[in-house]
Amino acid sequence: MELRQVRYFLAVAEELHFGRAAERLRIVQPTVSQQVRRLERELGVELFDRTTRAVALTTAGGAFLPHARAILAAERAAVEAMAGQRDDQARVLRIGTNIGLGTRLERLLAALSERAPQLAVELCSARTSVRLQQVRDGELDAAFVWAA
């Protein structure tokens, strides 16, 4: 079972019309019909009574409807949870540093705080070779190093 099949089923169930469901989904009607048929074959039941004039949910379709809604709600919740994870990760800037930057680092962090107040900065002190490796490994976003 594919999420898009469940999405198409739900659109048809709510519209009780394959054409209007297709318009709502912004796809062509034959695609909606085909995917709903595939879902029905996979489930082994008819979800809709189809006539040339009407579409109605079968008993099986009515029984599947709350599960379809729950499946899509779970998908939305998962996507939102991962968006929150991305947001949390994006708010922390990990910078490798060493001693000796003093007031220059303080000025830089103050300016950064003014421009991006939602951003948390995490300073990580380590030897230059370790900082560079941590940037390569994705453990640090950036590192200050002394250049010759």
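Visitor: Which helix does Leu43 lie in?
Guide: Welcome! Please keep in mind that this is a predicted model. Following the chain through residues 29-43 brings you to Leu43, and that stretch is helix H3.

Visitor: Is Leu43 buried, partly exposed or exposed?
Guide: Its relative accessible area is 33%. Buried would mean under 20% and exposed over 50%. Leu43 is therefore partly exposed.

Visitor: Which residues form a nonpolar patch on the surface with Leu43?
Guide: Look at the surface around Leu43 for other nonpolar side chains. The patch has about 220 Å² of accessible area, taken together. Leu43 shares this patch with Met1 and Val45.

Visitor: Staying in helix H3, is Gln35 buried or exposed?
Guide: Gln35 is found in helix H3. Its relative accessibility is 3%, and the cut-off for a buried residue is under 20%. Gln35 therefore counts as buried.

Visitor: Which side chain is joined to that of Gln35 by a polar contact?
Guide: Leaving aside neighbours within four places in sequence, Gln35 is in contact with Glu2, Arg4, Gln5 and Tyr8. The polar contact between side chains spans 3.2 Å. The partner in that polar contact is Gln5.

Visitor: Let's turn to charged pairs. How many salt bridges does the count come to?
Guide: In general, side chains of opposite charge can pair when their charged atoms come close. Here a nitrogen of Lys or Arg must lie within 4 Å of a carboxyl oxygen of Asp or Glu. By this rule the count comes to 11.

Visitor: How many residues apart in sequence are Arg7 and Glu75, the parts of the chain tied together by their pair?
Guide: The side chains of Arg7 and Glu75 meet in a salt bridge, with 2.7 Å from N to O. Arg7 lies in helix H1 (residues 3-15) and Glu75 in helix H4 (residues 59-90), so the pair ties together parts whose separation in sequence is 68 residues.

Visitor: And is Glu75 buried, partly exposed or exposed?
Guide: Its salt-bridge partner Arg7 has a relative accessible area of 31% and is partly exposed. Glu75 is at 24% relative accessibility. Glu75 therefore counts as partly exposed.

Visitor: Which residue of helix H3 does Arg50 link to?
Guide: Arg50 forms a salt bridge in which the closest N and O atoms are 3.0 Å apart. The pair links distant parts of the chain, with Arg50 in strand E1 (residues 48-50) and its partner 10 residues away in helix H3. That partner is Glu40.

Visitor: Is Glu40 buried or exposed?
Guide: Arg50, on the other side of the salt bridge, counts as partly exposed at 27% relative accessibility. Glu40 is at 4% relative accessibility, and the cut-off for a buried residue is under 20%. Glu40 therefore counts as buried.

Visitor: How far apart are the closest N and O atoms of Glu46 and Arg50?
Guide: Glu46 is partly exposed, with a relative accessible area of 43%. Glu46 and Arg50 form a salt bridge, and their closest N and O atoms are separated by 3.4 Å.

Visitor: Which residues are linked in a network of salt bridges?
Guide: The network includes both Glu and Arg side chains. Its members are Glu14, Glu15, Arg20, Arg24 and Arg69.

Visitor: Now the strands. What is the order of the three strands in the open sheet?
Guide: Strand E3 (residues 92-97) and strand E4 (residues 120-125) pair in the parallel sense over six bridges. E3 and strand E5 (residues 142-143) also pair in the parallel sense, over two bridges. The order is E4-E3-E5.

Visitor: Which strands stand at the edges of the sheet?
Guide: Each edge strand has a single partner strand, so one side of each is left without a neighbour in the sheet. The edge strands are E4 and E5.

Visitor: Which residue in E4 is the bridge partner of Thr97?
Guide: To get your bearings, Val92 stands opposite Ala120 in E4. For Thr97, the bridge partner in E4 is Ser125.

Visitor: One last stop: is Arg26 buried, partly exposed or exposed?
Guide: Arg26 lies in the loop between H2 and H3. It has a positive phi of about 60° although it is not a glycine. With a relative accessible area of 77%, Arg26 is exposed.

Key: Residues numbered from 1 in each chain as written. Predicted model: local features only at pLDDT ≥ 70, side-chain atom pairs only at ≥ 80, totals over all residues. Heavy atoms only, no water. Pairing = 2+ DSSP bridges. Helix = DSSP H or I, 4+ residues; strand = E, 2+ residues; numbered from the N terminus. Patch = residues over 30% accessible without salt bridge, like charges linked within 9 Å, V, L, I, M, F, W, Y side chains within 5 Å. Areas by Shrake-Rupley, 256 points an atom, 1.4 Å probe, with all protein chains shown as cover. Buried < 20%, exposed > 50% of the residue type's maximum accessible area, 1.4 Å probe, protein only. Polar contact = N/O pair within 3.5 Å; in protein donor to acceptor, adjacent residues only side chain to side chain. Contact = heavy atoms within 4.5 Å.
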